[in-house]
Amino acid sequence: MVKHSMVRHILLKYRFLLLLVCTGCILLFIIFMERYLQSPTPKVNLVHLQTTYEMIGKPRTPRIIIEPPCNATFLVWIVTSYAGEPSPRSALRRAYTHEELAVLGVRRVFLLGTLNDDAKRKTHMLQNSLLDEARRFNDILQGDFLDTYRNLTRKHLMGLHWAVNNCKDVKYIVKMDDDIVVNMYGILEKLHLGVVKESSLSGYLMKNMIPVREPANKWWQDN
């Protein structure tokens, strides 16, 4: 009983000191966690930004494996397509023949990447088959990068780079996927009427969208 009273007396006597020690520990913990969770130092960020700027300012154009000529006089129609699946390309060629598009001043080009060994086994599509398709239809633009979903940006840049450098006289570039069916005559009518102005970007506006942060999602963005 005496010991208990002594301990209690000591705790009461030094409780202010103990409170200060506990408060200091909490503040030190908070400071440590803030420094741990905060972004890198300005010096590191500056180096990162400079590297990012160099990559964006000077994009590395992929090496072209198959490149068709451009005979468009009004519009270039670039179509992203999976190298291992020729059926959608065949359907679009039947919907709008090469000769029909040529009369309209339109050049359609399918944008492809390359297939790895696993994709070749699954799709039964070899590079020689793509070369034969290119010889037959003369509308394949293939870059030296894997044909994957994550490389779609490289496909887009490849197509735009080709159109700008090879189709000097065209006024418009239309980009679509190969699973989209459009009324090309309706598009051309609106363009000729001036509904879409030159030096402008047109498309479907998606409002109130937020970045996808779930890694399992195909549209995941990590920054």
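Partly exposed residues lie between two cut-offs: buried means under 20% relative accessible area, and exposed means over 50%. The exercises below use this scale on a predicted model.

**Exercise 1. Place K175 and D177 on the scale, and say what joins them.**

Step 1. K175 has a relative accessibility of 37%, so K175 counts as partly exposed.
Step 2. D177 has 30%, so D177 is partly exposed too.
Step 3. Now look at their side chains. They meet in a salt bridge, 3.0 Å from N to O.
Step 4. Salt bridges can also share partners. R89, R93, E133 and D139 are joined into one network in this way.

**Exercise 2. Compare two further salt bridges, K122 with D118 and D147 with K155. Which residues are buried?**

Step 1. Begin with K122 and D118. Their side chains meet at 3.3 Å, N to O.
Step 2. Find them in the fold. Both lie in helix α6, residues 117-123. They are 4 residues apart, about one turn of the helix.
Step 3. Check exposure. K122 has 63% relative accessibility, so K122 is exposed. D118 has 34%, so D118 is partly exposed.
Step 4. Turn to D147 and K155. This salt bridge spans 2.7 Å, N to O.
Step 5. Both D147 and K155 are buried.
Step 6. Set the pairs in context: the structure holds 8 salt bridges.

**Exercise 3. Describe the overall build of the chain.**

Step 1. Count the elements. There are 9 helices and 5 strands.
Step 2. Read them in sequence order. The pattern is α-α-α-β-β-α-α-β-α-α-β-α-β-α.
Step 3. Ask how much is buried. Of the 223 residues, 26% count as buried.
Step 4. Look at the contacts with a separation of 6 or more. Residues 24 or more positions apart account for 78% of them.
Step 5. Take the surface. The accessible area comes to about 16,700 Å². Carbon and sulfur atoms hold 61% of that area.

**Exercise 4. Find the largest nonpolar core and the elements that build it.**

Step 1. Start with the general tendency. In soluble globular proteins, nonpolar side chains tend to be buried together.
Step 2. Here the largest nonpolar core has 25 residues. F74, L75, W77, V106, I140, M184 and L188 touch the most other members.
Step 3. List the elements that give two or more residues to this core. They are β2 (75-80), β3 (106-114), α7 (127-137), β5 (172-177) and α9 (184-192).
Step 4. Look for a second core. Another one, of 12 residues, lies apart from the largest; its members include A72, V76, I78 and V109.
Step 5. Go back to I140. Leaving out residues up to four places away in sequence, I140 touches I66, E67, P68, R89, R93, V109, F110, L112, E133 and A134.

**Exercise 5. Trace the surroundings of L191.**

Step 1. Locate L191: its place is in helix α9.
Step 2. Its relative accessibility is 9%, so L191 counts as buried.
Step 3. Set aside neighbours within four places in sequence. L191 is then in contact with F74, L75, Y172 and V196.
Step 4. Compare sequence and space for L191 and K171. They are 20 residues apart in sequence, and their C-alpha atoms are 9.5 Å apart.

**Exercise 6. Which parts of the chain does the disulfide tie together?**

Step 1. Recall the bond type. A disulfide is a covalent bond between the sulfur atoms of two cysteines.
Step 2. The count for this structure is 1 disulfide. C70 and C167 form it, with their sulfur atoms 2.0 Å apart.
Step 3. Check the handedness. The link of C70 and C167 has 120° about the S-S bond and is right-handed.
Step 4. C70 lies in the loop between β1 (64-66) and β2, and C167 in the loop between α8 and β5, so the pair ties together parts that are 97 residues apart in sequence.
Step 5. Add exposure. C167 has a relative accessible area of 4%, so C167 is buried.

**Exercise 7. Which residues form the nonpolar patch on the surface, and which helix gives the most to it?**

Step 1. The patch is formed by L157, L160, V164 and I173. Together they have about 330 Å² of accessible area.
Step 2. Helix α8, residues 152-166, gives the most, with 3 residues.
Step 3. Take L157 as an example. L157 lies in helix α8. Its relative accessible area is 46%, so L157 is partly exposed.

Conventions:
Residues numbered from 1 in each chain as written. Predicted model: local features only at pLDDT ≥ 70, side-chain atom pairs only at ≥ 80, totals over all residues. Heavy atoms only, no water. Core = buried A, V, L, I, M, F, W, Y, C linked by side-chain atoms within 4.5 Å. Buried < 20%, exposed > 50% of the residue type's maximum accessible area, 1.4 Å probe, protein only. Contact = heavy atoms within 4.5 Å. Salt bridge = Lys/Arg side-chain N within 4 Å of Asp/Glu carboxyl O. Patch = residues over 30% accessible without salt bridge, like charges linked within 9 Å, V, L, I, M, F, W, Y side chains within 5 Å. Areas by Shrake-Rupley, 256 points an atom, 1.4 Å probe, with all protein chains shown as cover. Disulfide = S-S within 2.5 Å.
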